[in-house]
Amino acid sequence: MAYSIKNRSFASFCILFVFILGCKKDKIESSLTEINSPTSFDLSCIKFANDTGFACGGSLFDKSILLRTTDAGITWQNLPLPLTNEQNKKLVALDVLNSGELQVAGFGGITLRSADFGNTLSFQQEPRFYFWTGLAYRTNNEAYLCGQDGLKKGYINSVKRSAGWIHPFLESSHSFGMNDIQFFDSLHGYIAGFGAIYKTTDGGKLWQFTNAKNDNFTSTVWFSRQEGVAVGWEGTIAKTDDGGMNWDNIRSANRVGQRRVRLKCITKNNKDELIAAGEKGCILYSNDKGQSWKEIQNVPKVNLESVCFQNEQTFFAVGEEGRIFKIIL
């Protein structure tokens, strides 16, 4: 009997050892630094154009925050905004071009624009007071916005240089709430949202559903017109190589017995390395176009909303309470 117990104990030890060893293989070390932030309001989005970067956020009903760095993220400043107290609403999405063109949008139809990297900012009130959640330049002369009114209604709009970047009075509503918009090129774009991912192949004139399903998709990233990766709030990581006709679930939505993660964002660098991030400091890394993932260690348990590479080795993550993290792979 004693011999049997010893053997069972040894077997249990071996299983535990293999499990721990396997867990270590699923993790990756990195250099993480928390950057001093000039705000304690939540940050929703971060983007870089070379050494100049912006992060936006605030409080849903009563505060707009726009931060800027001009030294590759070492220091950040709070930009003064041309808003009255009534106009202050949370800024949720932004995009910036290397030319200095900047568009920012958020709750209640709040939109801001700059042509000089935020040195001067102009305010526009989108006429229907929509909740804009995603923003991306399609070309240097046109930017697209997507938004939501709950889970079952979404909106798409665009603003053009030729029209002075003024919001048109057009109604474009759709059957699902939208979270994020990305363009791979001037014709091919994708919108991630509740239970669906939209696709356009004609520069945004027409949108159609891909076959993505079973999660509230929060963000996508694209290597080509056909090959991309999507993440979802319930932990899905899905990959397509045919423009969304078929999606392979690299990680299915949270299930019993599976570690629970909530993913909010995904980004890539010029080497096609991926970073996905989300709730409670979860940051995942892939160097094979999303086929396999490792978790970055020693990240504070902060809810992260957005990630962006500043260069091939360095990316930034932002989230609750205005916290900013610089991570070098």
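In this predicted model, a polar atom of the Ser-64 side chain lies 2.4 Å from the backbone oxygen of Lys-89. Ser-64 belongs to strand E5, which runs over residues 63-69. Its relative accessibility is 5%. Because buried means under 20% relative accessible area, Ser-64 counts as buried.

What does Ser-64 touch, leaving aside its neighbours within four places in sequence? The contacts are Gly-57, Leu-81, Leu-83, Gln-87, Asn-88, Lys-89 and Leu-91. Lys-89 is thus on the contact list, and its backbone oxygen is the partner of the polar side-chain atom described above.

From this residue we can step back to the whole chain. The protein contains 29 strands and one helix, and strand E5 with Ser-64 is one of those strands. Of the contacts with a separation of 6 or more, 45% are between residues 24 or more positions apart.

Burial can also be given for the whole protein: 52% of its 329 residues count as buried. The accessible surface is about 15400 Å², and carbon and sulfur atoms account for 51% of that area.

The overall dimensions come next. Along the principal axes, the C-alpha atoms fill a box of roughly 85 × 45 × 35 Å. The radius of gyration is 21 Å, which agrees with the value near 20 Å for a compact globule, because that value is the one for 329 residues.

Charge is the last topic. The side chains include 36 positive and 33 negative ones. The centres of these two sets lie 5 Å apart.

Conventions: Residues are numbered from 1 along each chain as its sequence is written. This is a predicted model: local features need pLDDT of at least 70, side-chain atom pairs count only at pLDDT 80 or more; totals for chains, interfaces and linings use all residues. Side-chain values use heavy atoms; hydrogens and water are left out. Helices (H or I, at least four residues) and strands (E, at least two) are DSSP runs, numbered from the N terminus. The radius of gyration is taken over C-alpha atoms; the globule rule is 2.2 Å times the number of residues to the power 0.38. Buried means under 20% relative accessible area, exposed over 50%, partly exposed in between (1.4 Å probe, protein chains only). Contact means heavy atoms within 4.5 Å. Accessible areas come from the Shrake-Rupley method with a 1.4 Å probe; for residues, only the protein chains shown count as cover. Lys and Arg count as positive and Asp and Glu as negative; His and the chain ends are not counted. The place of a charge is taken as NZ of Lys, CZ of Arg, CG of Asp or CD of Glu. A polar contact is a pair of N or O atoms within 3.5 Å; within protein, one must be able to donate a hydrogen and the other to accept it, and residues adjacent in sequence count only if both atoms are side-chain atoms.
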